[in-house]
2 protein chains.
Amino acid sequence: MQIIIQAEVIFQALADKTRLRIIRLMRVTGEESCLCELVDSLLEPPYKLSRHLKILRQAGLLLSQKEGRWVYHRLVSEPAYLEQLYATVQALPDPNEIYSKDLHRFHQRLCLREGRRCRVGIQSEMFKTEAG
Amino acid sequence: MQIIIQAEVIFQALADKTRLRIIRLMRVTGEESCLCELVDSLLEPPYKLSRHLKILRQAGLLLSQKEGRWVYHRLVSEPAYLEQLYATVQALPDPNEIYSKDLHRFHQRLCLREGRRCRVGIQSEMFKTEAG
DNA sequence: TCAATACTTGCATTATAGTGCAAGTATGCA
DNA sequence: TGCATACTTGCACTATAATGCAAGTATTGA
């Protein structure tokens, strides 16, 4: 899993609606987050988000850390131009209020944490594991 | 020729090496430029650059203005987040010195202008019009 | 030790994007 | 009026990328 520092790779990583939603959510909240929290915030299937997270990781924008069953993701803030980049992402308009809706659901989802950690799995009926 | 204000379209426009070279060159110099000057600076064929310029235009990053046989292109700087974006592009590393080489050739090419305007057409042997 | 579950990935499909060639348009100058 | 030239674009081809399903891995807790 090599990290490539080519500019076009970074912009390619941001050239997708779903990935921008992820970046923006994590930037605005400053939180790290597991997959199931993102599923409940963005209302997208886990396999889809998992792959987009991988792309962000490979572009060097995300760090992922396993904690038991959960994997926590957080934005990489070094070198400084990455911070500058996230700030720009955050400054972009949100005409359809997609990002603000994601943010709202994320905040609600944070209430289910215990000790700053997720303990519940996917809550959205649509994407719950069959066995659930 | 509609201008779309969706974030992913802007980042998609930046997700290409050639387009980043164009943006960065025009940002660093603050100049507007015609196609043949860009051909001589980036050493890429005119049809290729012409198409990339079109993509930048459609993303709302570039304004193109015809002046006789020449078409001058310049960066769009409003709204403010575009300036912020270009600043970030400019802040990105240039490990292979691609951008600095483009810049060098561009400065040399500027010497051929008369009254701030190009009057000569493509100079690079490789991309000259056959009849030339 | 076995089942539930948080997450990942191989595969097939579809969509999008970059490139080169060659032909096209439009402008200016002889 | 006709040719040179600055630029654009249709077409074919290739490469890359997004998606959904289903199957896989790894961890935890009963």
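Trainee: Hi! How do the residues lining the largest pocket divide into nonpolar, polar and charged?

Mentor: Hello! Six of the lining residues are nonpolar, three are polar and three are charged. Keep in mind that this is a predicted model.

Trainee: Thanks. How much space lies in that pocket?

Mentor: The largest pocket holds about 270 Å³ of space.

Trainee: And which elements of chain B supply at least two residues of its lining?

Mentor: Those are α3 (35–42), α4 (46–58) and β3 (70–75) of chain B. The lining residues include B:C36, B:L53, B:R57, B:W70 and B:H73.

Trainee: Let's switch to the DNA. How many residues surround DNA strand C, and which are the closest?

Mentor: DNA strand C is surrounded by 25 residues, and the closest are A:C36, A:S50, B:Y47, B:R51 and B:H52. Of the strand's atoms that come within 4 Å of the protein, 74% belong to sugar and phosphate.

Trainee: What does B:H52 do there, in terms of atoms?

Mentor: A polar atom in the side chain of B:H52 sits 2.8 Å from a phosphate oxygen of DNA strand C. For B:Y47, a side-chain N or O atom is 3.3 Å from a sugar or linking oxygen of the strand. A:R69 also has a polar side-chain atom 3.3 Å from a sugar or linking oxygen of DNA strand C.

Trainee: Which elements give two or more residues to that surface?

Mentor: From chain A they are α3 (35–42), α4 (46–58) and β3 (70–75), and from chain B it is α4. By class, the surface near DNA strand C has 10 nonpolar, five polar and 10 charged residues.

Trainee: New topic: in what order do the strands of the chain B sheet run?

Mentor: The order is β1-β3-β2, in an open sheet of three strands with antiparallel pairing. β1 (33–34) and β2 (62–67) each have a single partner strand, so one side of each has no neighbour in the sheet.

Trainee: How many bridges link β1 and β3 of chain B?

Mentor: They pair over two bridges, in the antiparallel sense. Within that pairing, B:S33 in the sheet stands opposite B:H73 of β3. B:H73 is also among the residues lining the largest pocket.

Trainee: Last one: is A:R117 buried or exposed?

Mentor: A:R117 counts as buried, because its relative accessibility is 17% and the cut-off for buried is under 20%. You'll find A:R117 in the segment after α6 (98–110) of chain A.

Trainee: Which side chains does A:R117 touch through polar contacts?

Mentor: The side chain of A:R117 makes a 2.8 Å polar contact with the side chain of A:E32, and another of 2.8 Å with that of A:E67.

How values were computed
Residues numbered from 1 in each chain as written. Chains lettered and ligands numbered in written order. Predicted model: local features only at pLDDT ≥ 70, side-chain atom pairs only at ≥ 80, totals over all residues. Heavy atoms only, no water. 1 Å grid on protein atoms, 1.4 Å probe; cavity = no way out; pocket = protein on both sides within 12 Å on 5 of 7 lines; lining within 4 Å. Points joined across faces, edges and corners; volume = space filled by probe spheres on them. Helix = DSSP H or I, 4+ residues; strand = E, 2+ residues; numbered from the N terminus. Nonpolar A, V, L, I, M, F, W, Y, C, P; charged D, E, K, R; others polar. Near = heavy atom within 4 Å. Polar contact = N/O pair within 3.5 Å; in protein donor to acceptor, adjacent residues only side chain to side chain. Pairing = 2+ DSSP bridges. Buried < 20%, exposed > 50% of the residue type's maximum accessible area, 1.4 Å probe, protein only.
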